[in-house]
Each structure stands twice: as C-alpha cells, then as structure tokens.
Amino acid sequence: MTRLATRHVFSAERGFHELPADELQFLRFGLARVPVGEAIQIDTGERESLLVVVDAPEEVRLAAGSLELALPARRSVFDELPASVYAPAGNSLELRGPVLAGIFQAHAPDSGGAPYAILPGEVNTAQRGRGNYARKVRDILPAGRRASRLLAGETINPPGNWSSSPPHKHDLHAPPGETRLEEIYLYRTRPPQGFGLQHSYHAGGPSRTFAVGDLDVATIPAGYHPVVAAPGYELYYLWCLAGDTRELCWNPDPAHAWLEQQA
C-alpha cells in the first residue's frame, strides 16, 4: 500500500488531544493545552515520551515519574530555544498550566534509566542549505542523547524558503544508505494567519500537497516530503522520528540531488 503524508487539525480545546492511533506503526503524538491553575496527567504505559514546550507565558511545572521540574517560559518558538523532558516507558507525566506542549511517544517497553530534562542551553542550532532552501535546525533529541526510538528537533523556514530540501526520504531499512523512520511535524506560523505547503510524493508515483497553518500536524509514514513557507510568513515545525533504529540516514531524490553540488 502506498502511503503519503496526511494533514491533521487540532481543536483549540483544553486537555490532551492525541492523533488517531492507526496512522503510523511506531510513532504517536498528542498536543497538551493546560490553562493556568490546572493540571493534566498522561499515562505512558510501555511508551517512552518526549515532551516539548511550545508556548508558556511563565515557568512550567512538570513531574515525570519521581522527577519534579521547573522549565523556563517560552513565548515564541521563533525567538526562543525549547525546553523538553524525556521519560522512559512507565513514567507518567503531570503537567501544570499555563502551557501548550507537544508530546511524542513510541512503544519501548525495555527503555530504562530515569527521566531527564533537555534545557535550552543544551540544544544545538545549525544553519542548513543555501539560497531559498536555507533554514535553521535545532537538535533536541539527537542520537547521542539517551532514548530507545525517538529522535526530535525543530526547523524554521524564513519566508518563502524550503526545507527538507533537496527532497529526501527515510522509509526503507537499508543501512547505511537509508533507515526506516516515520515522522510527525507540528507547525507554527508567524504571523499566525500564515501558511506553508507540505508536499509528499514517491518517485514516479503518487503525490499529495496540502496547506498547513498554525498548530496543524502532518504524519509522514513514507515518501519524499519537502515543505515551503508562504511569502511574508515564517514557518516553524517541531519534528520527531521513530522506527527500526535511532540512526537517521536519508536517501535524496536522485532527480534533485544536483542541488547539493551547487557552489
């Protein structure tokens, strides 16, 4: 069965809203909206979890298993680095508002160790690409940090710029050239009425393109998946991968790989 990226829209209601469980094999995502003075608890069972603060006007209080944390405020994903918490399977999460947080999970019953925080000063930022496919990439949970399946980070496209470009895919487990990893994107736009376009395709096969706006989500089970910001609007997306391995090896589309050879 051919699988291409799918767009999802979250409501503005409070609480914890999870994507449909049948979209992907390995990866799950939920969006937690907690008003001031309230708290929610998320039971993880046999899933490891990564919680990333997306918006918080003040310090965030959080418990992960026996770990009690105070994470710094985050008023803009475009201007401020993320604070996150990784929790192995079996560690429930309790989150106090006001906060908007993305929570990624993957089945990992044998994951061990204690929960830990990833503070803004521990996040590495790099400039990738050039010209109109230059973008900023922040590594939150790279392969060098302890986890079982999850890999995560953030990308910011300047207005009109592309990312995940030249187009690449990672849906075939054939290391070292390519590893099978599903992916999820959570988008934000600045100004918030902006949009971007998410393209998904298989070489010589079907394709799909859809508009994405502020707090939309895309699941990417397979295929090439470049994304572009509309003119005048910055586009941010929080991304996470999970699959057969924690080694990220992607395969560029041969038809567009020449872009990387440009001076």
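1. Let me start with the cysteines in this predicted model. The sulfur of Cys249 has its closest cysteine sulfur in Cys240, 17 Å away, which is too far for a bond. A disulfide would need the two sulfur atoms within 2.5 Å, so the 17 Å between Cys249 and Cys240 rules this pair out.

2. The overall tally agrees with that: the count of disulfides is zero. Cys240 is accordingly in no disulfide, and the nearest cysteine sulfur to it belongs to Cys249.

3. What about the surroundings of these two residues? Cys240 is buried, with a relative accessible area of 0%. Cys249 also counts as buried, at 11% relative accessibility; the cut-off behind that word is under 20%.

4. Next, a hairpin you may like to look at. Strand S6 (residues 60-64) pairs with strand S7 (residues 67-71) in the antiparallel sense, and five bridges join them. Two residues sit between S6 and S7. In the turn, Gly65 has a positive phi of about 60°. Ala64 has Leu67, in S7, as its bridge partner.

5. A general reminder for viewing the strands: in a regular strand, side chains alternate between the two faces of the sheet.

6. Finally, a loop residue. Pro176 lies between strand S16 (168-169) and strand S17 (181-190). Is Pro176 buried or exposed? Pro176 is exposed, because its relative accessible area is 71%, and exposed here means over 50%. For a sense of placement, the C-alpha atoms of Pro176 and Asn124 are separated by 24 Å, and these residues are 52 apart along the chain.

Methods: Residues are numbered from 1 along each chain as its sequence is written. This is a predicted model: local features need pLDDT of at least 70, side-chain atom pairs count only at pLDDT 80 or more; totals for chains, interfaces and linings use all residues. Side-chain values use heavy atoms; hydrogens and water are left out. Helices (H or I, at least four residues) and strands (E, at least two) are DSSP runs, numbered from the N terminus. Buried means under 20% relative accessible area, exposed over 50%, partly exposed in between (1.4 Å probe, protein chains only). Two strands pair if DSSP finds at least two bridges between them.
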